[in-house]
Amino acid sequence: MLERSPRDGGTSAVPVRELRPLRWGLVPSWAKEARTGARMINARAETLHEKPAFRRAFVERRCLLPADGFYEWQPGRDPATGRARKQPYFIHPEEDQVMALAGLYEYWRDPSVTQDDDPAAWLLTCTIITTEATDAAGRVHPRMPLALGEDHYDAWLDTTRQDPGELRALLGRPAGGHLDARAVSTAVNDVRNNGPHLLDPVPVGP
């Protein structure tokens, strides 16, 4: 979800809130090629206002990415074999409601497409803001996506807010500190697997 002014509305146009599909991996407008986005999937909350790839989007192009939760992996050992393995965990709001991850988005003009009005000429990409993990998530992984509290949604999307200090103040404790984590099957490690069973809890050995 994002807010943007209509292209043909002039400087006085009222921003419109939209639900848009975005490709994960932010491609800055100045990038020479789209594959730059492969290195820009996350933006650290502590430094994004300083990084050339993120600082302009932080001021002008912010978005919210809806999610039921996210996966993180905790290093450990298989109790049966003693081999190193990573145990996946599903991290989610305590009440299982949908949360909104703070993100940034950018438009990138593909130079190989000649016409500006060709939909293929523009690539719309995003990155997820991450922060130090807290609560249950902190026991699994040191970093995590930053989920905003509902009271910050409007301010985060508001395109008239462009003061970096005020915007950084919105990036507080993830999800208001109300997160839970449960171990899930290693089936989530294979992208070919899909379905609600991937969220079922599994026991974790000693």
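1. Let me start with the second largest pocket. In this predicted model, 13 residues line that pocket, and W24, L65, L101, I128 and P145 are the ones nearest its centre. Two elements, β5 (62-67) and β9 (122-132), each give two or more residues to the lining.

2. As for what the second largest pocket is like inside, the space there comes to about 320 Å³. Its lining breaks down into 11 nonpolar residues and 2 polar ones, with no charged residues.

3. Now the packing. The largest nonpolar core is made of 22 residues, and F54, L104, I129, W156 and L171 have the most contacts inside it. At least two residues of this core come from each of α1 (55-60), β8 (99-109) and α3 (153-157). There is also a second core, separate from that one, with 21 residues, A67, M99, L101 and I128 among them. L101 and I128 turn up again here, having already appeared close to the centre of the second largest pocket.

4. W156 deserves a look of its own. Setting aside neighbours within four places in sequence, its contacts include F58, R62, C63 and L64. W156 also touches A102, G103 and L104, along with I129 and L148. L167, L170 and L171 complete the list.

5. Finally, P196, which sits in the segment after β12 (179-183). Is P196 buried or exposed? It counts as exposed because its relative accessible area is 70%, and the cut-off for exposed is over 50%. Compare its position with that of L170: the two are 26 residues apart in sequence, and their C-alpha atoms are 33 Å apart in space.

How values were computed: Residues are numbered from 1 along each chain as its sequence is written. This is a predicted model: local features need pLDDT of at least 70, side-chain atom pairs count only at pLDDT 80 or more; totals for chains, interfaces and linings use all residues. Side-chain values use heavy atoms; hydrogens and water are left out. A nonpolar core is a set of buried Ala, Val, Leu, Ile, Met, Phe, Trp, Tyr and Cys residues joined through side-chain atoms within 4.5 Å. Buried means under 20% relative accessible area, exposed over 50%, partly exposed in between (1.4 Å probe, protein chains only). Helices (H or I, at least four residues) and strands (E, at least two) are DSSP runs, numbered from the N terminus. Contact means heavy atoms within 4.5 Å. On a 1 Å grid over the protein atoms alone, a cavity is a set of points where a 1.4 Å probe fits but cannot get out, and a pocket is an open set with protein on both sides within 12 Å along at least five of seven lines; lining residues have an atom within 4 Å of a point. Grid points are joined across faces, edges and corners, and a volume is the space filled by probe spheres set on the points. Ala, Val, Leu, Ile, Met, Phe, Trp, Tyr, Cys and Pro count as nonpolar, Asp, Glu, Lys and Arg as charged, and the others, Gly among them, as polar.
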